[in-house]
Amino acid sequence: MLDADLLSGPAEQVAPLLLGAVLRHGEVAVELTEVEAYAGPRDPASHAFRGPTPRNEVMFGPPGHLYLYFSYGMHWAANVVCGPDGTAGGCLLRAGEVVDGVEVARERRHGAPDRDLARGPGRLTQALGLSQEHRGLDLFAAGPVRLEPVVDAHALEVATGPRVGVSQAADVPWRFWVAGSRYVSAYKRSPRAAP
DNA sequence: CACTAGATGCTCT
DNA sequence: GAGCATCTAGTGA
């Protein structure tokens, strides 16, 4: 059963458990197909590696809350906070399939093909209508944004590989996705990553 | 289909 | 001022 207690483990152990879970905001719901683990102080690619700042402080709080950050001047990206309260960690929600509220999601994504509605971190938050006002929300409390348990866990085969776009720890295989899913973003290595 | 270039603005040093 | 946990539109095949 997926709950805040389960999320208090290390990010790289929690990440695959999120696959198949559903993130819901109002009438739009996305079934997660791809996530990445960021292990705070143990992980040079994590926003929390150098300690707490105003941006990343949510990641140092209790697990099961929503860490949002603004990226590349145009996009929001969403993380589920992992690890025990006081230790930073999180799982970036990289992609999913819109399973409810498709019409609303299409409108927000300005007519993109259904496959691309939530394929990519910025697209996923746009389809769900998430932004700074949802910062820090508890995903397991009564509230506008909720994380619902996996429906059919035993049917999932998980694949792993390096994380997209990170220049540090570029070969650590902490990206997890549903093997064979069409709703998974493309891998791209950072041009700044070490060869 | 594959690949590339440029937009764009917040965050931290 | 440098560096991004990205996306889209453009080109060329």
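**Figure 1. Protein surface near DNA strand B in the predicted model.** The residues of this surface divide into 4 nonpolar, 2 polar and 1 charged. They are Thr 53, Pro 54, Arg 55, Phe 70, Tyr 72, Gly 73 and Met 74. Of the atoms of DNA strand B that lie within 4 Å of the protein, sugar or phosphate contributes 71%, and the bases contribute the rest. A base is nevertheless involved in one polar contact: a base oxygen of DNA strand B lies 2.8 Å from a backbone N or O atom of Tyr 72.

**Figure 2. Protein surface near DNA strand C.** Around DNA strand C there are 21 residues, of which His 47, Tyr 69, Asn 79, Gly 122 and Arg 123 come nearest. Sugar and phosphate make up 62% of the atoms of DNA strand C within 4 Å of the protein. By residue class, the surface comprises 9 nonpolar, 8 polar and 4 charged residues. At least two residues each are supplied by strand S3 (66–71), strand S4 (75–81), strand S5 (90–100) and helix H3 (121–128). The largest share, 3 residues, comes from H3.

**Figure 3. Polar contacts to DNA strand C.** The side chain of Arg 123 places an N or O atom 2.6 Å from a phosphate oxygen of the strand. For Tyr 38, a polar side-chain atom lies 3.5 Å from a sugar or linking oxygen. Ala 45 contributes a polar backbone atom, which is 3.5 Å from a base nitrogen. The three contacts thus concern a phosphate oxygen for Arg 123, a sugar or linking oxygen for Tyr 38 and a base nitrogen for Ala 45.

**Figure 4. Surroundings of helix H3.** H3 is mostly covered, with 6 of its 8 residues buried. The buried residues are Pro 121, Gly 122, Leu 124, Thr 125, Ala 127 and Leu 128. Gly 122 is also among the residues that come nearest to DNA strand C. The elements covering the buried residues of H3 include strand S1 (22–25), strand S2 (28–38), S3, S4, S5 and helix H2 (102–108). After the helix comes Gly 129, which has a positive phi near 75°.

**Figure 5. Arginine side chains over aromatic rings.** Arg 163 lies over the face of Tyr 38, 4.7 Å from the ring centre. Tyr 38 also has the polar side-chain atom located 3.5 Å from a sugar or linking oxygen of DNA strand C. In a second arrangement, Arg 175 lies over the face of Trp 177, at 4.7 Å from the ring centre. The structure also holds 2 aromatic pairs.

Methods
Residues are numbered from 1 along each chain as its sequence is written. Chains are lettered from A and ligands numbered from 1 in the order in which they are written. This is a predicted model: local features need pLDDT of at least 70, side-chain atom pairs count only at pLDDT 80 or more; totals for chains, interfaces and linings use all residues. Side-chain values use heavy atoms; hydrogens and water are left out. A residue is near a molecule or strand if one of its heavy atoms lies within 4 Å of it. A polar contact is a pair of N or O atoms within 3.5 Å; within protein, one must be able to donate a hydrogen and the other to accept it, and residues adjacent in sequence count only if both atoms are side-chain atoms. Helices (H or I, at least four residues) and strands (E, at least two) are DSSP runs, numbered from the N terminus. Ala, Val, Leu, Ile, Met, Phe, Trp, Tyr, Cys and Pro count as nonpolar, Asp, Glu, Lys and Arg as charged, and the others, Gly among them, as polar. Rings of Phe, Tyr and Trp (its six-membered ring) pair if their centres lie within 6.5 Å; planes under 30 degrees apart count as stacked, over 60 as edge-to-face and the rest as tilted. A charge sits over a ring if NZ of Lys or CZ of Arg is within 6 Å of the ring centre and within 35 degrees of the ring normal. Buried means under 20% relative accessible area, exposed over 50%, partly exposed in between (1.4 Å probe, protein chains only). Contact means heavy atoms within 4.5 Å.
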